[in-house]
Amino acid sequence: MYYVIVSKEVCERRKVFRSNQRTPDGRVVLTLRDLNLTQFSYGPVEIVNDEDLKAIMSATQETASNNPKKKEK
């Protein structure tokens, strides 16, 4: 399956897909079915498959686990 990753600004401005999955950097993940429901341009997008999406989602989780937050005193 393929996914389209769009900027959060487009979805916020258009008030669409507010509950869709988000990448760690805040971009919105859309399915091809989601795209068929709209009739406007998203501008520049990133098209990824299942494996690429998993890598994007896990890449920042791994860096977050490698850099634990400092405990406050």
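**Exercise 1. State the sense in which strand β1 and β3 pair, and count the bridges.**

Step 1. Strand β1 covers residues 2–6, and β3 covers 46–49. Strands here are DSSP runs of E with at least two residues, helices are runs of H or I with at least four, and both are numbered from the N terminus.

Step 2. β1 and β3 run antiparallel to each other and are linked by four bridges. For two strands to pair, DSSP must find at least two bridges between them.

Step 3. To see one of these partners in the viewer, pick Tyr-3, whose bridge partner in β3 is Val-48.

A word on the model: it is predicted, local features need pLDDT of at least 70, side-chain atom pairs count only at pLDDT 80 or more, and totals for chains, interfaces and linings use all residues. Residues are numbered from 1 along each chain as its sequence is written, while side-chain values use heavy atoms and leave out hydrogens and water.

**Exercise 2. Work out the strand order of the sheet and name its edge strands.**

Step 1. Start with the chain as a whole: it has three helices and three strands. Along the sequence they follow the pattern β-α-β-α-β-α.

Step 2. Now add the other pairing of β1. β1 and β2 are also joined by four bridges in the antiparallel sense, with Ile-5 opposite Val-29 in β2.

Step 3. Put the pairings together. The three strands form an open, antiparallel sheet in the order β2-β1-β3. The edges are β2 (28–31) and β3, since each of them pairs on one side only.

Step 4. Check how well β1 is covered. Four of its five residues are buried, where buried means under 20% relative accessible area, exposed means over 50%, and partly exposed lies in between (1.4 Å probe, protein chains only). For the whole chain, 26% of the 73 residues count as buried.

**Exercise 3. Locate Val-45 and list what it touches.**

Step 1. Val-45 belongs to the loop between α2 (32–36) and β3. Its relative accessibility is 38%, so Val-45 counts as partly exposed.

Step 2. Its C-alpha atom is 5.1 Å from that of Val-6, although the two residues are 39 apart along the chain.

Step 3. Setting aside residues up to four places away in sequence, Val-45 touches Val-4, Ile-5 and Val-6. A contact means heavy atoms within 4.5 Å.

Step 4. For the wider picture, take the contacts between residues at least 6 apart in sequence: 62% of them join residues at least 24 apart.

**Exercise 4. Find the residues of the largest nonpolar core and the elements that supply them.**

Step 1. The set has eight members: Val-4, Val-6, Val-10, Cys-11, Phe-17, Val-28, Leu-30 and Tyr-42. Such a core is a set of buried Ala, Val, Leu, Ile, Met, Phe, Trp, Tyr and Cys residues joined through side-chain atoms within 4.5 Å.

Step 2. At least two of the core residues come from each of β1, α1 (8–14) and β2.

Step 3. A second core, separate from this one, has six residues, among them Tyr-3, Val-48, Leu-53 and Met-57.

**Exercise 5. Describe Phe-17 and Lys-15 by backbone and by burial.**

Step 1. Phe-17 lies in the loop between α1 and β2, and Lys-15 is found there too.

Step 2. Neither residue is a glycine, yet phi is positive: about 60 degrees for Lys-15 and near 55 degrees for Phe-17.

Step 3. Now look at accessibility. Lys-15 is exposed because its value is 60%, whereas Phe-17 is buried at 16%.

Step 4. Phe-17 contacts Arg-22, Val-28, Leu-30, Asp-34, Thr-38 and Tyr-42, leaving aside neighbours within four places in sequence.

**Exercise 6. Classify the aromatic pair and find the charge that sits over one of its rings.**

Step 1. The structure holds one aromatic pair. Phe-40 and Tyr-42 form it, with 4.9 Å from centre to centre and 50 degrees between the planes.

Step 2. That makes the pair tilted. Rings of Phe, Tyr and Trp (its six-membered ring) pair with centres within 6.5 Å, and planes under 30 degrees apart are stacked, over 60 edge-to-face, the rest tilted.

Step 3. Compare burial: Phe-40 is partly exposed at 21%, while Tyr-42 is buried at 9%.

Step 4. The charged end of Arg-14 sits over the Phe-40 ring, 4.1 Å from its centre. The criterion is NZ of Lys or CZ of Arg within 6 Å of the ring centre and within 35 degrees of the ring normal.
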